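Here's a quick tour of one protein model. Take a look at the picture first, then read on.

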Amino acid sequence: MKKALKIIGIILLVLLVVIAIAWFGFLKPAPPPISTEDREALELMPLPAKLKLGTGVFILDNTLAHEFSGLSTPRLERAVDRFYKKLSNQAGLEAGKGTNKTLILECGGSEKPYPALGDDEFYSISVSPKKIVVKAAGETGILYALESLLQLTRQEEGAWVIPSLSMNDQPRYAWRGLMIDACRHWVPKEVILRNLEAMGSLKMNVFHWHLTEDQGFRVESKLFPKLSALGSNGDYYTQEDIREVLQYAADRGIRVIPEFDIPGHTAAWFVGHPELASGPGPYQLDTGLMETRPVMDPTREEVYVFLDRFLGEMAGLFPDEYMHIGGDEVVPTQWNANPDIQEYMKEHGLEDSHALQAHFNIRLQKIVSGHGKIMMGWDEILHPDLPREGIAVQTWRDHASLWEAARLGNKAVLSAGYYLDHKQTASFHYNVDPTVISGAVDIDIDSSNWKGWDCILSVADMTMDGALYLFGEGENLRGILNFMGSAMGFIEVSYEEDHLSFAAQSSVGELKFEIEIEGDSISGSAKLSVFNLTLKGHRSGGSDMEEGIPLPEFKKIEALTPQQENNLLGGEACMWTEMADGLTIESRIWPRAAVIAEKLWSPKVLTDDVADMYRRLMVLDKHLEKLGLMHLSYRNILLADMVSESYFEPLKGLAELLQEDKMFARMAIYQPQFYTTTPLNRMVDVARPESYVAYRFGQDVDLWIESDNAAARERLITMLESWSANHEKLAPAFENNERLLEVLPHSEHLSQLAQAALVALSDPADLSGKEDELAELYTEASKSFGATNLPITQHVQKLVQSATKK
């Protein structure tokens, strides 16, 4: 007996050793590249690939000087000069005049006239109390390191310091871009330069310049001067302007990709050259946004001769290897109405307009390639007849086209989900990832025969909300697990009596479930390697239920192979200017573009904490203004034009809480319609896409509800007292002021909401019996007025409801 127990003990000991080896060897999750403690102490954006804080600080003072080890170039010297200037402005120093060479810059590689795709962007920083050592594989790494040092600079006990640390950094993706449409509304060169400065500070390395459109031709051509002379209303970039922008961008590690949108979006081309069009002229600039949709004639040889000469001229002006030809939203009305084009299509066996556009793009790609460039276009250009190696695709419609391009062998860039002009929140953009298609699964969905359960999956003290769905029956039974925004399908299912067994592949291994179904409830366990998980849930919907939660939309798609995933170059934030001009555009780009920059730079494992993202984003918001951006100060210009000085502050207080409505909702407020000549000077232009004042208020509401935090309560009271009195101060300004009158309800609702919240915090019993009145207030305050929203409404409702229950 003793011998048997000893053997069992040895076996158990061996098993424990094996489990320990497995856990510490390959099952235990790798530690994050930045610890939680270190991350909470950082205000960096984007987060670096790896960082560890040390002890002590490096004190910045007027003695600071630098020393190059290895490569030293004029571009690097200019970068250091900018670093000293920014540091001086930030810390009140006279940096750059010292002799204490404690900033060591070790740069490898060789001098290059312009950055290019594939450049090594790696750099490291080592900071000790005695010196700062920066090492980089090339010029760009030094540029990025200096920007990181500026963001790491902080004030501590009266001194400006950089914390001791070791940091290795490199991007997740090589293509991290921003597209600016300079055509719908003119964007002056000075605005372009300010945005390039911001891009450089966030390690964004591609400026995609949309230069031709129905509303304007914005680049000078020496060969065809009528293009800009007649197609721009005088607002265009000279070739000297282009060269200045190119040099400015290169000094910040940024490539410039020009876009000449063809064969559609081309009305501005035809004002000076109607012979290129598929229909008879004359033509004029489209100021009504998509009122006319003329297209080039892809059947006439002289069109290709013209394009060859023009694109050749532009290829000599823009040094990057990529050239964007647009290719989106081609409306075939003119093609269908032109008998010569229809006859041409019959002769060449072209079945439809998509085939005709592919025919055009094949010719175009040869022209672009002949000038030493790689052709790039929007996802509509995807076609089996186009070459894979010589064409890159930028997807704007959905992730599926991104993956389709990558699967076909094209290099691909994501913009779907990164459209800044849609006025989505920063968190929305932060949750968009090139490698994740939300709701994508790889099984067949039978929407006529399904059951769903809302579930909680638990392991140790961690829980995850999600859902389980089953489709079909018998041999066709299959399912989907949907947890933490990630859906995975499974087909190996056994369902006998009330027992359900299945296995699903996750990113960390195979999950094996054993589940009991009893009425509308389910419970069971799952096995992941040596870990045991529990699952509990209740019925939520199904084809056999008259009432219930509807089936979510799942897209069936196969995962990319590692080789196909390598075709994903990265992504681009896009800022179209139908609803923004040279004054307001920066407020629509920044700071939200920064979260896209982080998504494309930082390791994926570091870009899932939305609360931490917002914490750092609101610091960055102010930092960007110090760089010269006008994304905050533009508001003062518009407000000063609306009201006299006595009403400026209360109107600004209201404006800081408003958010522009999403997508193109603002189009409805213009009568009879919106034109590109319509002034952008209303409250909807003052309102930003996201109110960070409202966000901070919501954070304090949550903190007070969760923990009765006294400091949060005091901050709430201070804000609410100010808002409750705001409408009384502002009310006279609404008289005979049509630009303000459209947001009058917001002003009234703000004070009413604030007054209700103050009562809830001081004496919630006074709100008893007023539930219907409050419900009506929440409903009205949630509505859009003047194409703007008042986002504090939901936070006040949450506060009041919680206070009255305490």
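What follows covers some helix contacts, an aromatic pair, and the empty spaces.

This is a predicted model, where local features need pLDDT of at least 70 and side-chain atom pairs count only at pLDDT 80 or more, while totals for chains, interfaces and linings use all residues. Residues are numbered from 1 along each chain as its sequence is written, and side-chain values use heavy atoms, with hydrogens and water left out.

**Helices that meet**

Helices here are DSSP runs (H or I, at least four residues; strands are E, at least two), numbered from the N terminus. Axes are lines fitted to C-alpha atoms, for helices over the stretch in contact, with angles from 0 to 180 degrees between N-to-C directions.

- The axes of α5 (residues 189-201) and α7 (residues 239-250) come within 10 Å and cross at roughly 10°, so α5 and α7 are roughly parallel to each other (angles under 35 degrees count as roughly parallel, over 145 as roughly antiparallel, 65 to 115 as roughly perpendicular and the rest as oblique).
- In that contact (heavy atoms within 4.5 Å), K189, I192, L193, L196 and E197 of α5 meet D241, E244, V245, Y248 and A249 of α7.
- α7 also has α9 to deal with: their axes come within 11 Å and cross at roughly 40°, so α7 and α9 are oblique to each other.
- Here Q239, I242, R243 and L246 from α7 touch E313, M314 and L317 from α9.

**Aromatic rings**

- You'll find 24 aromatic pairs in the structure (rings of Phe, Tyr and Trp, using its six-membered ring, with centres within 6.5 Å; planes under 30 degrees apart are stacked, over 60 edge-to-face and the rest tilted).
- Among them, F260 and F310 have ring centres 5.3 Å apart and planes at 85°, so this pair is edge-to-face.
- F260 sits in the loop between β12 (255-259) and α8 (267-272), and F310 in α9 (residues 301-317), so the pair ties together parts 50 residues apart in sequence.

**Empty spaces**

- There are 4 cavities of 30 Å³ or more (on a 1 Å grid over the protein atoms alone, a cavity is a set of points where a 1.4 Å probe fits but cannot get out; lining residues have an atom within 4 Å of a point).
- The largest cavity holds about 110 Å³ of space, and α3 (74-91), α4 (139-152) and α5 each supply at least two residues of its lining.
- Residues lining the largest cavity include F83, L146, E197 and R252.
- The second largest cavity has a volume of about 80 Å³, with P115, D119 and R255 among its lining residues.

Terms used. 1 Å grid on protein atoms, 1.4 Å probe; cavity = no way out; pocket = protein on both sides within 12 Å on 5 of 7 lines; lining within 4 Å. Points joined across faces, edges and corners; volume = space filled by probe spheres on them.
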